[in-house]
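Reader: I would like a careful look at one part of this model, namely its metal sites, with every cut-off stated where a term is used. Please then place that part in its surroundings.

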Protein chains: 2
Amino acid sequence: MQANKLDLRLTKGAKKVLEAMGGIRTLATAQDIHSLLRTDGDEAPGLTTVYRALDALVSQGLVQAVELGDGEKRYELIKPGEHHHHLICSSCKDSVHLDQCLIKDLDTLIKSKYGFQVSSHLLEIFGTCKKCSEKKTR
Amino acid sequence: MQANKLDLRLTKGAKKVLEAMGGIRTLATAQDIHSLLRTDGDEAPGLTTVYRALDALVSQGLVQAVELGDGEKRYELIKPGEHHHHLICSSCKDSVHLDQCLIKDLDTLIKSKYGFQVSSHLLEIFGTCKKCSEKKTR
DNA sequence: ATAATATTGAAAATCATTTTCATATTCACA
DNA sequence: TGTGAATATGAAAATGATTTTCAATATTAT
Ligand SMILES: [Mn+2]
Ligand SMILES: [Mn+2]
Ligand SMILES: [Zn+2]
Ligand SMILES: [Zn+2]
């Protein structure tokens with residue numbers, strides 16, 4: 001049991017959000033998380049606070065925001081400072097969390113070829129997952 | 001001068017949108033395109049029609065929608081049926097159009113490793129372009 | 001022509017996210 | 001430990017891109 005050094009700069013609301021996110025492994029919207037908190041217990045933070053908490057958590061590298069191209073951001077807990085991408089099934093909406101970034105090590109190439117200094121990227125892959133493929137075939 | 005076989009299924013408004021897009025090489029929002037059309041001449045289609053035209057053009061593979069993660073889609077003309085990705089400068093908002101898809105040929109690997117059938121993907125890279133890097137150094 | 005079908009666009013609706021602003025909480029430190 | 005400054009909270013309103021409605025037009029088929 002070691003003290004969690006990362007809690008230091010976390011607001012009361014952010015801690016609750018973080019805790020709620022610890023309980024799920026799916027990509028959740030701000031509203032999903034808010035509902036979850038409201039359902040769980042009392043003392044649940046308001047939606048505005050959830051949005052603010054998510055911003056803070058993303059800034060601190062504890063959470064990543066995932067863009068799927070519909071107008072709604074998803075969030076998920078990550079290993080601090082890391083990031084990863086997904087295979088997202090258009091049919092069941094479930095997603096496979098990839099273990100490593102598919103375009104890691106590309107930054108150097110891009111820098112030398114275009115003089116462009118990469119700072120971040122957006123990468124998500126859509127299609128049909130194994131289960132859903134089997135269903136259709138059946 | 002050969003007849004353009006692709007015009008067949010294009011609405012009057014869609015043709016105007018297509019023409020307007022032919023004149024720009026930047027990523028444009030629906031509203032950008034609408035403004036452009038309004039400025040250019042009369043007979044400009046309304047914003048609703050521009051949205052509908054863009055949908056149609058994307059379906060037909062003449063235009064691609066680009067997601068940057070701010071809540072506003074960009075559109076650009078593409079070589080029919082193809083697609084590409086960008087290096088987007090967070091400073092000047094300008095973008096480098098990459099000549100080839102960085103994750104082409106990955107579909108097969110993903111299919112065999114996860115049983116996931118890829119149908120599309122989202123990939124954009126953010127950072128600082130050459131010009132803007134030089135400005136800051138100067 | 002005439003009726004059926006598709007296109008258009010102004011206005012209203014949607015809906016995730018942000019902003020406001022007043023209240024409550026936490027903090028610094030005298 | 002009190003007290004004022006700084007920060008956090010949340011309800012309500014605002015924002016803004018996109019979508020929906022629906023009535024008027026234009027196009028197409030018979
Ligand atoms: Mn994930
Ligand atoms: Mn491009
Ligand atoms: Zn990555
Ligand atoms: Zn690609």
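Which residues coordinate the zinc ion (ligand 3), through which atoms, and at what distances?

Author: This is a predicted model, in which local features need pLDDT of at least 70, side-chain atom pairs count only at pLDDT 80 or more, and totals for chains, interfaces and linings use all residues, while side-chain values rest on heavy atoms, with hydrogens and water left out. Residues are numbered from 1 along each chain as its sequence is written, and chains are lettered from A and ligands numbered from 1 in the order in which they are written.

The zinc ion (ligand 3) is held by the NE2 atoms of A:His83, A:His85 and A:His121 and by the SG atom of A:Cys101, at 1.9 to 2.1 Å. Donors here are N, O and S atoms within 2.8 Å of the metal (3.2 Å for Na, K and Ca), and sites may look incomplete because water is not among the atoms. The angles among the four donor atoms of ligand 3 run from 100 to 114°, which makes the site tetrahedral; four donors count as tetrahedral if all angles lie between 85 and 135 degrees. For four tetrahedral donors the ideal angle is 109.5 degrees.

In sequence, the donor residues of ligand 3 follow the spacing H-x1-H-x15-C-x19-H. A:His85 sits in the loop between strand E3 (74–77) and strand E4 (86–89) of chain A, and A:Cys101 in the loop between strand E5 (95–97) and helix H4 (107–114) of chain A, so this pair ties together parts that are 16 residues apart in sequence. Helices (H or I, at least four residues) and strands (E, at least two) are DSSP runs, numbered from the N terminus. Both A:His85 and A:Cys101 are buried, a term that means under 20% relative accessible area, with exposed over 50% and partly exposed in between (1.4 Å probe, protein chains only).

As for the chain around this site, chain A has five helices and six strands, and its elements run α-β-α-α-β-β-β-β-α-β-α from the N terminus on. Its C-alpha trace spans about 50 × 50 × 35 Å along the principal axes, and buried residues make up 41% of its 138 residues.

Chain B carries a zinc ion as well, ligand 4, coordinated by B:His83 (NE2), B:His85 (NE2), B:Cys101 (SG) and B:His121 (NE2), at 1.8 to 2.2 Å. Its four donor atoms make angles of 99 to 113°, and this site is tetrahedral. The donor residues of ligand 4 are spaced H-x1-H-x15-C-x19-H in sequence. Here B:His85, in the loop between E3 and strand E4 (86–89) of chain B, and B:Cys101, in the loop between strand E5 (95–97) and helix H4 (107–114) of chain B, link distant parts of the chain, 16 residues apart. B:His85 counts as buried because its relative accessibility is 3%, and B:Cys101 counts as buried at 10%.

Strand E3 (residues 74–77) of chain B, which borders the loop of B:His85, pairs with strand E1 (residues 28–29) in the antiparallel sense over two bridges, where two strands pair if DSSP finds at least two bridges between them. In that pairing B:Thr29 has B:Arg74 as its bridge partner. Strand E2 (residues 63–66) of chain B is joined to E3(B) by four bridges, again antiparallel, and there B:Ala65 stands opposite B:Tyr75.

Turning to the DNA, 17 residues surround strand C, of which A:Tyr51, B:Thr11, B:Gly46, B:Thr49 and B:Arg52 come nearest; a residue is near a strand if one of its heavy atoms lies within 4 Å of it. Polar contacts are pairs of N or O atoms within 3.5 Å. One such pair sets a side-chain N or O atom of B:Arg52 at 2.2 Å from a base nitrogen of DNA strand C, while a backbone N or O atom of A:Lys73 lies 3.0 Å from a phosphate oxygen of that strand. Around DNA strand D there are 17 residues, and the closest are A:Thr11, A:Gly46, A:Thr49, A:Arg52 and B:Tyr51. Sugar and phosphate supply 64% of the atoms of DNA strand D that come within 4 Å of the protein, and a polar side-chain atom of A:Thr49 lies 2.6 Å from one of its phosphate oxygens.

Definitions and conventions: A polar contact is a pair of N or O atoms within 3.5 Å; within protein, one must be able to donate a hydrogen and the other to accept it, and residues adjacent in sequence count only if both atoms are side-chain atoms. Four donors count as tetrahedral if all angles lie between 85 and 135 degrees; four count as square planar and six as octahedral if opposite donors are over 155 degrees apart and all others between 65 and 115; anything else is irregular.
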